[in-house]
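Reader: I should like to understand how terms in a structural description are justified. May I ask about them one at a time?

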Amino acid sequence: MTEQDPRTTGASRDATGAPADAIGLEVRPEFQHQSDVLKREKVFEIKDLSVSYADKLAVKDISLDVHKNSVTALIGPSGCGKSTLIRCLNRMNDLVPSARVDGQLLYHGEDLYGPKVDPVQVRKLIGMVFQKPNPFPKSIYENIAFGPRTLGYKGDMDERVEKALRAAALWDEVKDRLDDNAYGMSGGQQQRLCIARCIAVEPDTILMDEPCSALDPISTGKIEDLITELKQKYSIVIVTHNMQQAARVSDMTAFLIVELTADEKNRWGEIVEYDDTEKIFTNPADKRTEDYVTGKVG
Amino acid sequence: MSGGPEDRYAGPARVGAAGARAATEAALSRQPGGIVLKNRLFRAFLYGAVGVALVGLVALLVDAFIKGQPRLSFDLFTNPASQIADNAGFRQAILGSIYLIGLMVLMVVPVGVGAALYMEEYGKRGSRLNRLIEINIQNLAAVPAIVYGILGLAFIARGPIDMGKILLAGSITLALLVLPTVIIAAREAIRAVPPSIREGSLALGATQWQTIRHQVLPAAVPGILTGVILSVSRALGEAAPLLLFGAALFVTADPQPLEVGWTALPVQIYTLAAQAQPELRELAAAGIIIMLAVLLVMNSFAIWLRNRYEQKW
């Protein structure tokens with residue numbers, strides 16, 4: 001199992017992993033839980049995905065699978081296209097007029113970029129939390145209620161708001177000031193409010209684009225605890241430039257690097273390795289991954 | 001040097017500490033005279049610039065007050081226009097101005113905000129069409145009011161629309177006049193809403209219209225109102241286009257939006273100021289004060305609205 005093709009992906013490991021158990025080979029204990037994640041239902045199946053902005057390639061030939069109720073981390077140096085990749089997953093890239101997406105992106109087996117797919121519906125199912133907390137300039141209550149209201153939710157809004165705030169571990173801090181402006185909250189609280197806002201729409205998957213990069217260590221810790229909590233119910237994809245964070249919260253990790261053309265005029269992101277987080281950080285198959293996670297480069 | 005911090009040291013260390021201290025003091029002391037002088041000159045120029053602006057305004061106000069003061073009374077608000085200065089008032093002119101401005105705001109806000117929304121949110125930014133529209137709007141904002149008056153006369157009062165010289169036609173002309181200002185201000189306000197707010201809303205599965213309606217527009221309201229305040233101030237003081245078609249010089253019946261025979265404050269002030277009798281010219285000065293009062297009330301309302309919606313990012 002450890003001596004594998006360096007370009008191994010989750011999908012191919014799934015195929016090779018199962019028969020290994022069947023013929024009774026001994027699997028070392030630290031690798032046992034990984035097959036558990038891989039056996040779960042696939043949420044995203046990404047195959048040879050390339051994204052370009054105005055004919056300039058941003059990421060090239062990305063292939064990876066995201067599994068249900070797991071946390072998948074995307075790590076890599078700046079400019080490697082982590083954010084571009086995650087923004088494809090809920091079609092936020094559609095907002096950039098020059099963006100072009102090639103390849104296949106299946107969500108529960110359905111082509112996300114299919115002709116009949118409405119990006120608005122996609123974003124209802126696949127929520128997103130951004131790098132900088134971006135609460136709406138309204139009350140805390142209104143921030144949460146906006147999502148369900150746009151979806152036409154007619155039920156008990158108070159209950160829905162409380163549920164979302166509780167799920168984001170924010171209820172106890174704000175229950176007495178729901179009508180206060182969200183801008184009066186601390187950065188960490190604002191980010192948890194954004195997560196709560198996302199949960200209130202009851203998505204299936206939550207994408208997080210460097211959710212802690214603007215936060216202090218204590219707020220970061222709270223969000224990380226929250227992520228671990230949330231994966232019981234949701235599938236999570238998180239972009240982070242903080243490797244310790246990826247190691248702490250994720251089940252699977254994809255490492256991306258920046259590739260350059262010979263003349264260094266064009267650059268794009270490519271995936272180097274996608275594997276179990278523990279393996280990426282303790283025993284990576286690719287030398288470049290090892291150099292990055294041990295801090296030799298990047 | 002006694003009492004300085006270097007007293008703590010003895011011998012060469014003390015000399016060294018004193019030297020370091022002197023060097024720091026030198027670095028922090030005043031800059032050479034030339035730079036200081038330039039700094040002061042520039043400040044004096046800026047004070048002067050503010051002064052010129054203020055002096056002009058104050059002189060106008062004081063002059064109007066001194067000349068109009070003997071005629072100033074609350075009767076001016078309720079009395080109809082008259083050739084006899086003691087009985088004369090501005091009732092019809094005030095009502096005419098309020099109708100004109102009120103109808104104008106009703107027309108200009110939806111059209112101006114709609115155009116700004118199209119250009120900022122829907123139109124392809126930087127496209128040739130958008131740039132062409134942009135340049136045109138900027139040019140239109142600089143077109144003299146009298147040209148709009150001619151346009152109103154030729155196309156709205158007569159010509160293809162042929163409404164006649166009714167008050168509504170005057171209101172439409174004023175709306176056309178201030179529309180570019182409102183569009184430009186509304187665009188700025190919409191552009192000032194951080195893109196992260198739009199992204200946050202769209203990422204929740206809101207449609208573009210829901211995002212604009214519930215997030216972008218409420219956040220842009222203060223800026224849009226600023227544009228409306230500016231346009232109201234301008235339109236209220238505008239006599240030229242109204243004189244060209246419609247505004248009668250002496251009216252004694254209250255105006256109706258769809259009827260001819262109406263007047264407005266600046267038109268009546270203009271008429272009075274051109275009269276031979278000194279009492280009527282005093283009345284004109286009193287009219288200026290009334291117009292400023294009306295303007296103040298309208299603007300205060302808009303500023304109150306703006307402050308209610310003000311939002312810091």
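Author: We may begin with the domains. Chain B is divided into domain 1 (1-30), domain 2 (34-71) and domain 3 (72-309). Please bear in mind that this is a predicted model.

Reader: How far apart are the centres of domain 1 of chain B and domain 3 of chain B?

Author: Taken over C-alpha atoms, the two centres are separated by 68 Å.

Reader: How do you know what confidence the predictor places in chain B?

Author: The score to consult is pLDDT, which runs from 0 to 100. Chain B averages 86, and 95% of the residues score at least 70. Within chain B, helix α1 (residues 12-28) has the lowest confidence, with a mean of 81, while helix α8 (residues 195-203) has the highest, at 94. For the complex, the predictor gives an ipTM of 0.83 and a pTM of 0.79.

Reader: Why does the length of helix α12 (residues 278-309) of chain B agree with the expected span?

Author: The expected span is 1.5 Å times one less than the number of residues. For the 32 residues of α12 of chain B this gives 46 Å, and the end C-alpha atoms are 47 Å apart, so the two values agree.

Reader: What makes a residue of α12(B) count as buried?

Author: A residue is called buried if 20 or more other C-beta atoms lie within 10 Å of its own. In α12(B), the residues that meet this cut-off include B:L283, B:I288, B:M291 and B:M298. Among the elements that cover the buried residues of α12(B) are α2 (33-68), α4 (91-122) and α9 (208-236) of chain B.

Reader: What makes strands β1 (residues 42-53) and β2 (residues 56-67) of chain A a pair?

Author: Pairing requires at least two bridges between the strands. Eight bridges join β1 to β2 of chain A, and the strands run antiparallel; they therefore satisfy the requirement. A:F44 stands opposite A:V66 in β2(A). β1(A) and β2(A) form a hairpin with two residues between them, and A:A54 in the turn has a positive phi of about 45 degrees. Eight bridges also join β1(A) to strand β4 (residues 99-107) of chain A, again antiparallel, with A:S50 opposite A:D102 in β4(A).

Reader: How do you know which residues of chain A are in contact with chain B?

Author: Two residues are in contact if their C-beta atoms lie within 7 Å. By this criterion, 22 residues of chain A are in contact with 16 residues of chain B. On the side of chain A that touches chain B, α4 (119-125), β6 (126-129), α5 (140-150) and α8 (187-200) of chain A each supply at least two residues. The residues of that side divide into 13 nonpolar, five polar and four charged.

Technical notes. Residues numbered from 1 in each chain as written. Chains lettered and ligands numbered in written order. Predicted model: local features only at pLDDT ≥ 70, side-chain atom pairs only at ≥ 80, totals over all residues. Helix = DSSP H or I, 4+ residues; strand = E, 2+ residues; numbered from the N terminus. Nonpolar A, V, L, I, M, F, W, Y, C, P; charged D, E, K, R; others polar. Buried ≥ 20, exposed ≤ 12 C-beta atoms within 10 Å, placed from the backbone. Domains from an automatic or database assignment.
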